[in-house]
Every structure is written in structure tokens, then in C-alpha cells.
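Visitor: Could you walk me through the packing in this structure, taking a single residue as the starting point and moving outward from there?

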Amino acid sequence: MTPEQPEALGVALEVIELLDRLGIAYQLGGSYASSVHGVPRQTQDIDLVVEAEEDAVAELLMRLPEGYYRDEQAAREAVRRRGSFNLIHLASGVKLDLFVCGDQPFDREEMARSLEVVLPAAPGRPLRVKSAEDTVLRKLQWFRAGGEVSERQWRDVLGILGSQGRELDSDYLARWAEELGVRDLLERAGGRG
């Protein structure tokens, strides 16, 4: 980690480099993706979507450096149910939520559409980041699932829509918003559902 690099990103890079070495496809999501595409905000949590089966996750946990909390049983269960498990960097308290990529059509398309981005805090190191459209759609799903009360999720959506504007693929957004049951939320946010 360099002095200019936020602690959370430094921890994420350590895990991402291990994912790359193991050949595990990933994409950075959550607040980091929304910060890339919208309005930046600080976070100590990192969301990574990974395409991995049980043996690959076991290898990841085995090769993870000391100093991380890990729960092997929770990781195995996450792979089986296509859920999530976490890693916690004990010295910093940074938490990484690893979401095992689902097997639904949107999950597959979302993973395929990830972008390679170089962040100013990690120059020369391209990272796979969820697309702006997919970040909006997932945040709308989380907003709905959380009872439509999370101001952070809603602000992230508005930040991406405001920053990206006409650059967004509105047909893609409308198609998947309808399919995912969040078209009304997209329209409310001004994202042309």
C-alpha cells in the first residue's frame, strides 16, 4: 500500500492480486464501483463478485496471507448457495465481502460486462469494475430489498445517474430494470425506465 492509497483499497489490492494469480475472475462492486462511476465516498468495506467453485475458494483461503479472519465453512456454504462470505483484515478492520457469482442470466451478463479501470489511487494497476449500468441496477435491488430506506444506496444511484447521464445505455437499464422488478425505482431516480 502506498501513502496515497486508502487503506481499504490497499487491502483489496492484496486480495485481487491473489485472485489474479489463482485465475479467479472478479469484479469490484458496491461503493467502490459507484465511486468510480458516480460520486466518490469513503468506505471500509469492499465488495467483490467472484466466479469460483469450492476448490478455487479453498485455494484462495489457504493462500491468503496471515492477518485475515476467514471462515472456511461459511465460504464453502457461500459457493453452494451462490451467496457471500467475508474476509476481514485484522490490523485495519477492512472487510471484504466476496459474493459468489450467481447463475441467473443477469448475473452472467453483469460479470461479462465488467470494465477494466485504473484508479488514481492505484496507478498502473487495472482493476475489473462493475459497469455503471449494472452498479445502478444492483443498488436499486439492494435498495428495494432493504425496504427502500437506505439513503446511501439511493445517493449512490443518483450520483451515477447524474455523473454518467447520456453515457449510460438506457435500453440496457430499462430492459433489466423491468426484468429485475426495479423499473419504478429507476424511473423515480430519473434514469428513464
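Visitor: Is A52 buried or exposed?
Guide: In this predicted model, A52 has a relative accessible area of 6%. Since the cut-off for a buried residue is under 20%, A52 counts as buried.

Visitor: Which residues does A52 touch, leaving aside those up to four places away in sequence?
Guide: A52 is found in the loop that runs between β2 (45–51) and α3 (54–63). Its C-alpha atom is separated by 7.5 Å from that of V79, although the two residues lie 27 apart along the chain. With residues up to four places away left out, the ones touched by A52 are I24, V57, V79, R82 and V100.

Visitor: Which helix gives the largest share of the largest nonpolar core?
Guide: The largest nonpolar core has 37 residues, and I46, L48, F85, L87, L96 and L127 have the most contacts inside it. The largest share of this core, nine residues, comes from helix α1 (residues 7–22). Beyond its neighbours within four places in sequence, L96 is in contact with residues including V11, A12 and V15. The helix asked for is α1.

Visitor: Which helices do the buried residues of α8 pack against?
Guide: Helix α8 spans residues 170–180, and Y172, L173, A174, W176 and A177 are buried in it. W176 also belongs to a second, separate core of 19 residues, which includes A132, F143 and W154. The helices against which the buried residues of α8 pack are α5 (105–112), α6 (132–145) and α9 (183–189).

Notes: Residues are numbered from 1 along each chain as its sequence is written. This is a predicted model: local features need pLDDT of at least 70, side-chain atom pairs count only at pLDDT 80 or more; totals for chains, interfaces and linings use all residues. Side-chain values use heavy atoms; hydrogens and water are left out. Buried means under 20% relative accessible area, exposed over 50%, partly exposed in between (1.4 Å probe, protein chains only). Helices (H or I, at least four residues) and strands (E, at least two) are DSSP runs, numbered from the N terminus. Contact means heavy atoms within 4.5 Å. A nonpolar core is a set of buried Ala, Val, Leu, Ile, Met, Phe, Trp, Tyr and Cys residues joined through side-chain atoms within 4.5 Å.
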